[in-house]
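The following paragraphs lead through parts of a model, taking a set of strands, then a helix, and then the cysteines. Please keep the sequence and the structure in view while reading.

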Amino acid sequence: MASRSLPSMPGLAPVLGVAASLSGKAWRWRGGNMELGDGVHGLDHSILDQLLLTRGVAEDDLARHAQPTLRAFLPDPSTFRDMDAAAERLAAAVMTGERVTIYGDYDVDGATSAALLIELLRQLGLEAGYYIPDRLLEGYGPSGEALVRLAEAGSQLIVTVDCGAMAHEALGMARDAGVDVIVVDHHKCAPDLPPAAAFVNPNRLDESDLGAAHGHLAAVGVAFLLGVALVRTLRGRGWFAGGRAEPDLMGLLDLVALGTVADVAALHGLNRAFVAQGLKVLARRGRIGMAALMDASRLARAPQCSDLGFALGPRINAGGRIGESTLGVRLLTTADPEEARAIAAQLSQLNEERRAIEAEVQEAAEAQLAGQHNMAVQVLSGHGWHPGVIGIVAGRIKEKTGKPAVVIALDEAQGKGSGRSISGVDLGAAIIAAREAGLLVAGGGHAMAAGLTIDPARLADFAGFLDERLARDVERARAGAAMLLDLALAPGGLTPDLVETLEAAGPYGVGWPAPRVAVGSVRIVKADIVGKDHVRIVASGNDGKSFKAIAFRAAETEMGQTLLHRHQGRRFHLAGRARIDDWGSRPAAELQLEDAAFAD
């Protein structure tokens, strides 16, 4: 194995000589060259160190990142602007028994943030209410009318979670109604902040350098930090001196992990510690609603990071997308097992309905792509598209085209849009700029995802604005696109032990990519389609070892068609993520296939 500090340079030879794969990418090393060849020697800490180094960890900081704990990564909450003010105001509400309402967004991050604060306050003896707006009727963010109604109904303090960063008018109405509002958010902010008793957001433009360094947190992570600050404040005021039990903050990490992964937050630093520790809490199945959700997802083993994004998160989201927006918070806060089972079953049914609706909208959106092949950003719109699935479809279009995508559902009066971006292109900032330029009724977000409201008459102007603003960034990002690999090995090296070693550097997600391995050369022994459009193959190498691989949603791609119909007599290199296939009598390693290239 080559030196672990060897950098990946564009001038170096492509991995396995692949300069242009079936997806048109060159294969490059992510960092140091790790060619294991036919053996599995070196399955030790040297591989773990290499994986950490190539994900930006300094050599003298390897031990901390190898075992990410909260003790090692949690900052002092007072680092963040307004955090102490928020904790003081919330502590006063706890100590005097004020009526508090948590106003959350309708997605997973909003639901988990709201559930976290409700559970924390419940442990402190205060039963908080909650309000989750209807996606279709009220849209994203705090409604001034709703805030005023909550004030009139007796709420003395409202805490907005995962929303509020740009709610100037709504929070102004709340102020005029005489109710205090604490904003707990992570979305991009304008220079002028909405009026609030406290505004906690690591992405506010006047945040300290230490606070801004945590701008990758999901709202649920910010809410957890507020919880830490609240408990510390109450402790300082002697609230626990009379025998009151302190709340179990660590027990809330299952919510933090789910919200962080489902919101596609970057999994480095503190977020990685949140998820690593949260998965341990999830495995204990102590939260009644979470256990019911895992049962409804047919998840009998301990959850993995991918389960949060592909099994649990989509079910919570389905309530806000096409069902009842409060279902997620109700599930995550209930103490009634029967209620939990009923809600989890309802969310699973809604998730199936969501998939069918999504497929229809995606087909209609993809039909528009041919007319936009020269645009840097795909802006797709249609009447009758369900607003609850446009974010998912935007993500699918982004993956298909390799460009940022904005998908807009139109009705008679306006369009509701959702966008997803590619690495290196800040879509959220562009959406805010479009709003400030008068092209949008409302809009905001972060680098990788954004939402908007638009007058249909401005669609062409908006698309042109994005194209002009982001064309250079998109071109630069796409030009640098390559299949980045961590290991290259023969089929005999693809073993459960290797998978276990690779997983030790997890959890993986955005900003902390899962290791990719290249395996080859191989011949395709069998290739067929499973499910609707997944390609499954059996490959065999010169060492006589064979393995299975599956490429999801690949049947109609060039790679999928080549593997299915043109593999006779040809040898291939395969690239993807190694994982455990536990369907047989004993676990085996397989490849989740992402790319392939001819080997001869």
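In this predicted model, strands β16 and β17 form a hairpin with 4 residues between them, and within that turn G544 adopts a positive phi of about 80 degrees. The two strands run antiparallel and are joined by 6 bridges, with β17 covering residues 546–551; R536 has I550 of β17 as its bridge partner. On the other side of the sequence, β16 (residues 534–541) also pairs with β15 (residues 517–530), again in the antiparallel sense, over 8 bridges. Here I529 stands opposite V535 of β16, and the connection between β15 and β16 is a hairpin with 3 residues between the strands, where G531 in the turn has a positive phi of about 65 degrees.

Turning to helix α6, which spans residues 144–152, the buried residues are G144, A146, L147, V148, L150 and A151. These buried residues pack against three strands, namely β3 (100–104), β4 (129–131) and β5 (157–161), and against helix α7 (168–176). Just after α6, G154 takes a positive phi of about 115 degrees.

What, finally, is the count of disulfides? With a disulfide taken as a pair of cysteine sulfur atoms within 2.5 Å, the count comes to 0. C163 is accordingly in no disulfide, the nearest cysteine sulfur being that of C189, 12 Å away. Because buried means under 20% relative accessible area, C163 counts as buried at 1% relative accessibility, and C305 likewise counts as buried at 11%.

Conventions
Residues numbered from 1 in each chain as written. Predicted model: local features only at pLDDT ≥ 70, side-chain atom pairs only at ≥ 80, totals over all residues. Heavy atoms only, no water. Buried < 20%, exposed > 50% of the residue type's maximum accessible area, 1.4 Å probe, protein only. Contact = heavy atoms within 4.5 Å. Pairing = 2+ DSSP bridges.
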